[in-house]
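Student: I would like a close look at one single part of this model, and then to see how that part sits in its surroundings.

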Amino acid sequence: MYFWKCWRDTRSFFVVFLIIAAIVMPVAAVVGLGTHLVEDFGTSAFTDTFDLILTVVALGLGAIGAIHEFADKTAQFLFTKPRSRAYFVWVGWAVGFAELLAIAIVNFLAGWATLSHYSKNPFHSTLNGSMRAQNILNALIFCLWAYCLTYALTVLRRNGLKGLGASMGILFGFPLFAVAIRWRWHIDLPFPPDPIGSLPLAMSSIIWILVAMFFVLAAQLVVERTEI
Amino acid sequence: MNELAIASNDLVKTYGGIRAVGGINLTVPRGAIYGFLGRNGAGKTTTVKMLLGLTRPTAGAAHVFGMDVSAERMSILRRTAFVSEKKTLYPLLTASELVRFSRGFYPMWSDSAVEKYARLLEIPMKQRFEKLSNGNQTKVWLLLALSQGADLLILDEPTTALDPVSVDQLLHVLAEDGQDRGCTIFFSSHQLEEVERIAEYAGVIDRGKLLMESRLDDIKSEFRLITAAGNSLPAQTSTQVLSVAVEGNFYRYVVTQDAESFAAGLSQNGASITNIAPLSLREIFLQLVRKEQ
């Protein structure tokens, strides 16, 4: 049904990035074999590739996985099926989220296995210190945010490229905007996954997750109210 | 039990101040084949969209099997199959994959119907939708609708792009299979011959207004073309006289309701009635629409 259709739409993208996520750290380790690169920079290389791959996947899945029924003129077909429009919005989101999570898990396990091969303490770098669970969690929150934002904007703009463009504009433009605000008015604007004001990190993380889900809810409300 | 498959009450839809549908009252009996006639832009598709909950009525109400289209959309869609005016589907899916996609939504789905109609309509099931001809794309829509086991088929211009043989097959399927299952068929069209061939009921819509709705036989028996010869005969239209054409001493009246008494009145004015003939649906439709203009 619709799960299958969403999977079919995103599977090529998913498989390509699943492979990249699985091999990036082993390949990097083989390239750096015989040097101290793995021991010294393995952990930071892992976190950087983890962040980068997941960000790209989040943006891509948000743009590909969102419902394209308005742009494709298939809305009359899909929305006369006996399911609510909310169902279609959330199924599309859930399939993309599951794929994002699968790639994150594979990338993490591949990185952990690779670094374990060279070190008894795989997430400790002689130069950069230990990687903490919070680093991984922060990367995941940012990617969830990027995914939900792109998903919602793709639905709102009714076009994957436009949604992706708008999302990238916000994700990469906002930090610059925040810097300008801080420089001019000395106000710190929060941006995921940074802590919000003086709130504890856990509370800030929950708020960022809720904001991300609100994007999808907004997309749902728009789709539900759209006249076809 | 509600005996109407579709009933609307002063159904209105406006787009930015323009009235696409201006208060129509449809009554479609259960099990009937109903032809919804109108020119392009008459309001047929907008009406269909309101019945399916794709667009919200500005005013009025509509019920399908007694269920409110605004409040009970899911229950209506479970029992309704639809063929859109725009025959667009997922371009990369094959007809077989579209069947696979659609099957799970409907508990009454019939795979034997898929096989039957795929063979009958000669649909290449393994070809991607985007690679199919326009006619075959229309056939895929019809296949999906006919296989749902729906109680109501809403077909918006279902014969678009079909060749005459396929149109013939489709009309046969609708008239035979649909009726055998007790399915109500509501189809909008401007192909009057198709409607005339299978419909029992017809409604004529123009500029968002329902000009007429009745059994097709009643419609046909109600309208007459009276040809009269004489001098200075009345040449004004009225509620009874839809149109008058004058050629020399010959007057051609299109009359609704009680043509015999109108002809008798002409005779009393010295006219000689040369012919009283029934009108085809096409002629009636044209007369109604022209009168409205």
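Student: Into which domains is chain B divided? Please then take me closely through strand β10 of chain B.

Tutor: Chain B is divided into domain 1 (4–207) and domain 2 (223–292), with bounds that come from an automatic or database domain assignment. This is a predicted model, in which local features need pLDDT of at least 70 and side-chain atom pairs count only at pLDDT 80 or more, while totals for chains, interfaces and linings use all residues. Residues are numbered from 1 along each chain as its sequence is written, and chains are lettered from A and ligands numbered from 1 in the order in which they are written.

Strand β10 of chain B covers residues 201–206; helices (H or I, at least four residues) and strands (E, at least two) are DSSP runs, numbered from the N terminus. Six of its six residues are buried, so β10(B) is largely enclosed by the rest of the structure. Here a residue is called buried if 20 or more other C-beta atoms lie within 10 Å of its own, exposed if 12 or fewer, and partly exposed in between, with C-beta atoms placed from the backbone. In a regular strand the side chains alternate between the two faces of the sheet. In β10(B), B:Y201, B:G203 and B:I205 point one way, whereas B:A202, B:V204 and B:D206 point the other way, and all are buried.

Two strands pair if DSSP finds at least two bridges between them. Strand β4 of chain B (residues 33–38) runs parallel to β10(B) and is joined to it by five bridges, and B:Y34 has B:Y201 as its bridge partner in β10(B). Strand β11 of chain B (residues 209–215) runs antiparallel to β10(B), with six bridges joining the two; here the bridge partner of B:Y201 is B:R215. β10(B) and β11(B) form a hairpin with two residues between them, and B:R207 in the turn has a positive phi of about 50°.

β10(B) also takes part in the meeting of the two domains, whose centres, taken over C-alpha atoms, are separated by 37 Å. Eight residues from domain 1 of chain B and six residues from domain 2 of chain B make up this contact, where two residues are in contact if their C-beta atoms, placed from the backbone, lie within 7 Å. On the side of domain 1 that touches domain 2, α7 (192–198) and β10 of chain B each supply at least two residues, and α7(B) gives the most, with three residues. By class, this side of domain 1 has four nonpolar, no polar and four charged residues; Ala, Val, Leu, Ile, Met, Phe, Trp, Tyr, Cys and Pro count as nonpolar, Asp, Glu, Lys and Arg as charged, and the others, Gly among them, as polar.

Looking further out, the largest nonpolar core has 141 residues, of which A:C143, A:Y147, A:C148 and B:V140 touch the most other members; such a core is a set of buried Ala, Val, Leu, Ile, Met, Phe, Trp, Tyr and Cys residues joined through C-beta atoms within 7 Å. Helix α5 of chain A (residues 133–157) gives the most to this core, with 14 residues, and the core draws at least three residues from each of domain 1 and domain 2 of chain B.
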